[in-house]
Amino acid sequence: MESLLFKFIPFFKVLSAFALMLAGIRFRLGIGLSILIGGFAMGLMFGMGPVSFAQTGGMALMQEKFLFLAAIVGLILVLSDAMERSGQSRRLMGALSGYLTSPRLRLVFFPALIGLLPMPGGAIFSAPMVKTVSEDMCVRNSDRAVVNYWFRHVWELFWPLYPGLILIVGLADIPIIDFISKSWPGTLVMLLAGWFFFLRPGVLGAKDLMSQPVTGERNRGAVFKEGLPLLIAIVGAIGLEAAISAFAPGMSFEWGVIVALGGGVGCVMAQNSQLGFQFLRTVLVGKSVRSMLFVIVAVFVFKDVMQAAGVVEEMARVAGGDAALFASAMFLPFLVGMVSGISVAFVGATFPLLLGVLNMLGMQDQVVPYLVLALFAGFTGVMISPIHICFILTCQYFECDMARTWRKLVAPCGILLLSGIGLFFFLR
């Protein structure tokens with residue numbers, strides 16, 4: 001028994017470090033600071049002193065990948081904030097409203113549309129729209145809340161503007177198109193699970209939901225105009241990545257993403273001249289950008305500290321590859337996602353460990369399947385988390401019981417996790 005406990009000491013050390021991270025997140029120290037505290041504790045437990053920690057952290061912040069990732073995330077936040085503050089997001093929704101002829105489509109469309117813009121607490125942005133379009137429907141507030149919450153997040157496993165996905169491909173050093181071309185079934189699963197558990201007849205509890213469709217003015221020109229910044233950012237990023245891969249393979253693919261996002265920001269600034277350059281300064285020094293960039297700093301420091309301290313090697317040596325892989329790809333991402341309620345947290349805290357284990361075991365050819373599995377596990381934890389800010393804000397807005405609303409998420413979240421496991425075996 002004593003020898004067995006001794007064998008798993010490295011795992012206890014890692015779990016202790018993660019417990020510190022989770023405690024920091026729980027007590028609102030911030031994701032970035034919590035990851036740094038956990039990384040420092042992990043370094044100490046594996047024999048790394050404070051000086052070595054500082055030196056390793058300083059070297060981490062000089063990496064090209066860190067600078068690229070910081071620029072990309074900063075541009076994404078500027079684009080989202082510009083579209084929100086200028087009212088362009090709302091104008092885009094208005095332009096699209098004439099195409100929504102189905103009552104159920106009207107109910108889910110605006111949360112899904114807002115989901116294309118990765119803004120913290122975005123569900124509270126779409127909640128008033130859900131309330132407005134469902135005023136003539138006999139729908140319970142708990143149903144409104146769960147529909148708004150679920151469909152707000154259907155794109156997060158696939159949409160290339162989400163910082164979590166950007167962070168994954170940055171850590172793994174793979175083109176984002178290579179990753180989302182494998183993870184996209186998660187969005188389909190969420191859409192189907194959302195319909196089955198929340199929208200199908202007999203479940204939603206809306207007697208008049210099948211009333212006459214609402215029609216409105218259709219204006220393709222307005223849709224194109226208001227959606228042009230998003231088109232430039234998304235289509236441009238994917239197109240430039242493909243072009244760089246084909247014609248300049250020695251060039252970092254992140255340049256394509258940066259140019260496309262810069263074009264999207266330039267477009268929304270040109271379309272909304274009232275924003276001015278003062279807006280850019282306000283956003284760039286704002287709390288949301290500073291907080292997200294600090295998270296990226298913490299992730300890269302944590303990643304390099306873990307490697308320098310030999311954490312992965314020690315885990316693999318004493319417990320074998322299977323145990324380390326299970327903890328890295330399933331258990332830890334789900335746990336961190338559930339406790340934090342934020343995708344960037346589980347990606348930043350656990351994916352460096354997973355990538356280290358895969359590299360240690362010589363399984364570089366299996367990186368994408370394991371990353372997809374970890375993404376599904378962590379995101380399931382995020383969606384089932386009772387402290388997810390979107391869930392809390394949505395329940396508060398619709399004034400519904402959080403416990404009863406939360407129970408409606410258990411089954412679809414279980415389906416999501418099972419689909420990730422099935423996709424993992426398919427990709428292998």
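Author: Let's jump in at Phe196, which is partly exposed with a relative accessible area of 39%. Keep in mind as we go that this is a predicted model.

Reader: Okay, how do I read that label: what does "partly exposed" mean?

Author: Under 20% a residue counts as buried and over 50% as exposed, so partly exposed is the range in between. Phe196 falls there at 39%, and so does Phe197, with a relative accessible area of 26%. Across the protein chain, 56% of the 428 residues count as buried.

Reader: And the overall fold: how many helices and how many strands does the protein chain have?

Author: You'll see 22 helices and zero strands. For long-range contacts, take residue pairs in contact and at least 6 apart in sequence: 79% of those contacts join residues at least 24 apart.

Reader: Back to rings, then. What describes a pair of aromatic rings?

Author: Two things do: the distance of the centres and the angle of the planes. By the pairing rule used here, there are nine aromatic pairs. One of them is Phe40 with Phe53, an edge-to-face pair at 5.0 Å centre to centre, with 85° between the planes. Phe40 belongs to helix α3 (residues 31-45) and Phe53 to helix α4 (residues 50-60), so this pair ties together parts that are 13 residues apart in sequence.

Reader: Phe40 and Phe53: which one is buried and which is partly exposed?

Author: Phe40 is partly exposed, at 30% relative accessibility, while Phe53 is buried, at 16%. Phe196 and Phe197 make a pair too: their ring centres are 5.1 Å apart with the planes at 85°, so that one is edge-to-face. There's also an aromatic cluster, made up of Tyr370, Phe424 and Phe425.

Reader: What sits over the ring of Phe196?

Author: The charged end of Arg200 does, 4.1 Å from the ring centre. Lys13 is placed over a ring as well: it lies over the face of Phe46, 5.1 Å from the centre of that ring.

Reader: Now helix packing. At roughly what angle do α5 and α16 cross?

Author: Helix α5 (residues 64-85) and helix α16 (residues 287-308) have axes that cross at roughly 155° and come within 10 Å. That angle makes α5 roughly antiparallel to α16, because anything over 145 degrees counts that way. The crossing of α5 past α16 is right-handed.

Reader: Which residues make the contact?

Author: From α5 it's Lys65, Phe66, Leu69, Ala70, Val73 and Leu77. From α16 it's Ser288, Val289, Met292, Leu293, Ile296, Val297 and Phe300.

Reader: Where in the structure is Val301 found, and what is Val301 in contact with?

Author: Val301 is in helix α16 and is buried, with just 7% relative accessible area. Setting aside neighbours within four places in sequence, Val301 is in contact with Leu36, Phe53, Gly57, Ala60 and Leu61, so you meet Phe53 again there, where contact means heavy atoms within 4.5 Å. The C-alpha atoms of Val301 and Gly58 are separated by 7.8 Å, though these residues are 243 apart along the chain.

Reader: What about Thr56: buried or exposed?

Author: Thr56, in helix α4, is buried at 16% relative accessible area. Beyond its neighbours within four places in sequence, Thr56 is in contact with Met48, Asp304, Val305 and Ala308.

Reader: And what does Leu423 touch, leaving aside its neighbours within four places in sequence?

Author: Leu423 is in contact with Lys182, Pro185, Val372 and Phe376. Leu423 is found in helix α22 and is buried, at 11% relative accessibility. Its C-alpha atom is 7.6 Å from that of Leu373, a residue 50 places away along the chain.

Reader: Last one: backbone angles. What sign does phi have in most residues other than glycine?

Author: Negative, for most of them. Here Asp173 has a positive phi, near 60°. Asp173 is in the loop between α10 (163-172) and α11 (176-183), and is partly exposed at 47% relative accessibility. Glu399 also has a positive phi, about 55°. Glu399 sits in the loop between α21 (389-398) and α22 (402-427), and counts as exposed at 71%.

Notes:
Residues numbered from 1 in each chain as written. Predicted model: local features only at pLDDT ≥ 70, side-chain atom pairs only at ≥ 80, totals over all residues. Heavy atoms only, no water. Phe/Tyr/Trp six-rings, centres within 6.5 Å; stacked < 30°, edge-to-face > 60°. Helix = DSSP H or I, 4+ residues; strand = E, 2+ residues; numbered from the N terminus. Buried < 20%, exposed > 50% of the residue type's maximum accessible area, 1.4 Å probe, protein only. Lys NZ or Arg CZ within 6 Å of the ring centre and 35° of its normal. Axes fitted to C-alpha atoms, helices over the stretch in contact; angles between N-to-C directions. Parallel < 35°, antiparallel > 145°, perpendicular 65-115°, else oblique. Left-handed = near helix turned anticlockwise from the far one by under 90°.
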